[in-house]
Amino acid sequence: MVKRAGGALLLGLRLDRGSDRSVSLRLCQEMRRLILNGDLQPGERLPSSRTLARELGVSRTTSLTAFDQLIAEGLLEARVGSGTYVSAALTANRPVAPRDEPGAPAPDKMEARLARAVASASENFFRRLSHPEKPCAFVTGMPAVDEFPMAQWSRLMAKHFRGPRSLVTGYCEAEGFFPLRRAIAAHLRANRGISCEPEEVFIVNGAQQAFNVIAGLTLDPGDKVWFENPGGIGGRNSLIAAGAELIPAPVDADGLVVADAWRRAPDFRMAFVTPSHQQPLGSTMSLERRLELLRAAAEARAWIVEDDYDGEFHYSGRPLPTVKSVDKTERVFYVGTFSKTLFPALRLGFFIAPPAMIPVVQRFFNATLQGAPTCIQGVVADFIEEGHFATHIRRMRRLYAERHEVFQAAARRWFDGALDVLRTDSGFQTTGWLTGGVSAQAVAAAAAARGVVVSPVEKFCLEPIADEGLVLGFSSIPEKEIARGAAALAQVLEDPALRAA
Ligand SMILES: Cc1ncc(COP(=O)(O)O)c(C=O)c1O
């Protein structure tokens, strides 16, 4: 038992010797913990810095530094000629740790208080599919980052970081760096049939942020949203977080079946669609369906969110126009992302707001968002305006078409009736339907054990669909890995235990 003043301090101190932080910092943190926990009471006298140093086997400078820091924070007070005390001011104001409250749960069991929309729906959030660094068969949604023109990119990065200080260090224009908004508008006019002005384009940290912003600005909790079933996971999560009621809308070879969705919820407030390349099944929404969707939205006074995540990668013929490009109702939010055209770590995307929403979005961005780093936006703007972007997309379109063919050939060779793989004419992935009542979850688990990533279609479903299927990515995967993955997946599919299950 330590009898002298500050005994509790010396007894309670736990200085972790293995830590790489300085001793004075650790001592300071420990003393702060004891004071805030109440182990050291307000008004309690501490041992002198000399005694503390001796007892702990640290230098006097170390104990003095810790004392000085805590005096500066107001947790300790030095009384001339008398010593150092735990601040008396803490008597009334000491923060109470949860375990100090009678009947309180242990700190690690504490539950955060959540917003109602999130608390009631958090079970329904789904994790995005993971993206391992090494291209692994058959990861979905990733561009071929190994083929990215890093030399050109690095040159532009260096140029921008040597550029005007204000652009490197200051706040960005909230709606986005104007040269990038201008470059995107020109690119969309030339390539996606969308005639828009730079002022209609808003820069965000990836399409995911666009979904969050749009849902937050247009939906009240309980509003009905037509959502493709199966459909994208990120968009679904943003809508759930906004408290929307998701109405599963069936999809067929022409995209979202508008008549079915209308029967389920004619009073919808929003339709969320991936018309260029339905996520995850890969169909392209026919022009007739697009017009039907626009008519339905006009009648219900609903918004449409068009997620054009990989619409640039159409392998043959001309892609269909975007919904935005044929929209006369001014109800479409068009969302694009650089995650697919460049690379996802950029965290850069954009959306075009319908005219009535532009002032609202401007106010919202200025009040609550400060955008993406100006320099990086400048690099992307130059990359587009100097023509590298168009060249890169053309190259990737050819590469993905080739990889798709390699994948189809491997599927013919290896899957032989066990997995009916669809051809696709665009995008990063395709679907394989399992035959013979095999469970997609069981295949995914067995494939993972062999280092192959396949994603059950049901992960993308709001309500079950009739068939068991797998989503299979090919865009980021070199030929050799496609061959390895197909052979490994074939072994899984041949396992009689799967069929018995
Ligand atoms: C359907 C869909 N939309 C958009 C995105 C892009 O999201 P972000 O721009 O936030 O990376 C993805 C990414 O996986 C996606 O699958």
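**Ligand shell, sheets and helix crossings in a predicted model**

Of the 14 residues around the ligand, those that come nearest are G206, Q208, G232, T337 and S339. By residue class, the shell around the ligand holds 10 polar residues, three nonpolar ones and one charged one. The model described here is a predicted one.

The domain assignment divides the protein chain into domain 1 (7-93), domain 2 (148-390) and domain 3 (395-500). Between domain 1 and domain 3, the distance from one C-alpha centre to the other is 61 Å. The elements below are taken in chain order, beginning with the helices.

Helix 2 covers residues 23-37, and its axis comes within 8 Å of that of helix 4, with a crossing angle of roughly 45°. That angle makes helix 2 oblique to helix 4. The crossing of helix 2 and helix 4 is right-handed. Helix 4 (residues 60-72) also meets helix 3 (residues 49-56): their axes come within 8 Å and cross at roughly 125°. Angles over 145 degrees would count as roughly antiparallel and those from 65 to 115 as roughly perpendicular; helix 3 and helix 4 are therefore oblique to each other. The crossing of helix 3 and helix 4 is right-handed.

Further along the chain comes a backbone feature in a loop. Most peptide bonds are trans. The bond that joins A137 and F138, however, is cis, with omega at about -5°. F138 belongs to the loop between helix 6 (116-121) and helix 7 (150-161).

Next is a sheet of eight strands. The sheet is open, its pairing is mixed, and its strands follow the order 3-10-9-8-7-4-5-6. Strand 3 (201-204) and strand 6 (255-256) are the edge strands, each pairing on one side only. What is the sense of the pairing between strand 5 and strand 6? Strand 5 (residues 245-252) pairs with strand 6 in the antiparallel sense, over two bridges. D252 has G255 in strand 6 as its bridge partner.

Two loops that adjoin strands of this order carry backbone features of their own. The peptide bond from Q279 to P280 is cis, and its omega is near 10°. P280 is located in the loop between strand 7 (270-273) and helix 13 (287-300). The loop that lies between helix 13 and strand 8 (303-307) contains R301. Most residues other than glycine have a negative phi. R301 is not a glycine, yet its phi is positive, at about 55°.

The remaining sheet is made of four strands. It is open, with the order 11-12-14-13 and antiparallel pairing. Why is one side of strand 11 and of strand 13 left without a neighbour in the sheet? Strand 11 (419-421) and strand 13 (455-456) stand at the edges and each has a single partner strand, so one side of each has no neighbour in the sheet. Strand 11 runs antiparallel to strand 12 (residues 429-434), and three bridges join the two. L419 has L434 in strand 12 as its bridge partner.

Methods. Residues are numbered from 1 along each chain as its sequence is written. This is a predicted model: local features need pLDDT of at least 70, side-chain atom pairs count only at pLDDT 80 or more; totals for chains, interfaces and linings use all residues. Two strands pair if DSSP finds at least two bridges between them. Domain bounds come from an automatic or database domain assignment. A residue is near a molecule or strand if its C-beta atom, placed from the backbone, lies within 6 Å of it. Ala, Val, Leu, Ile, Met, Phe, Trp, Tyr, Cys and Pro count as nonpolar, Asp, Glu, Lys and Arg as charged, and the others, Gly among them, as polar. Axes are lines fitted to C-alpha atoms, for helices over the stretch in contact, and angles run from 0 to 180 degrees between N-to-C directions. Angles under 35 degrees count as roughly parallel, over 145 as roughly antiparallel, 65 to 115 as roughly perpendicular and the rest as oblique. A crossing is left-handed if the near helix is turned anticlockwise from the far one by less than a right angle, and right-handed if clockwise.
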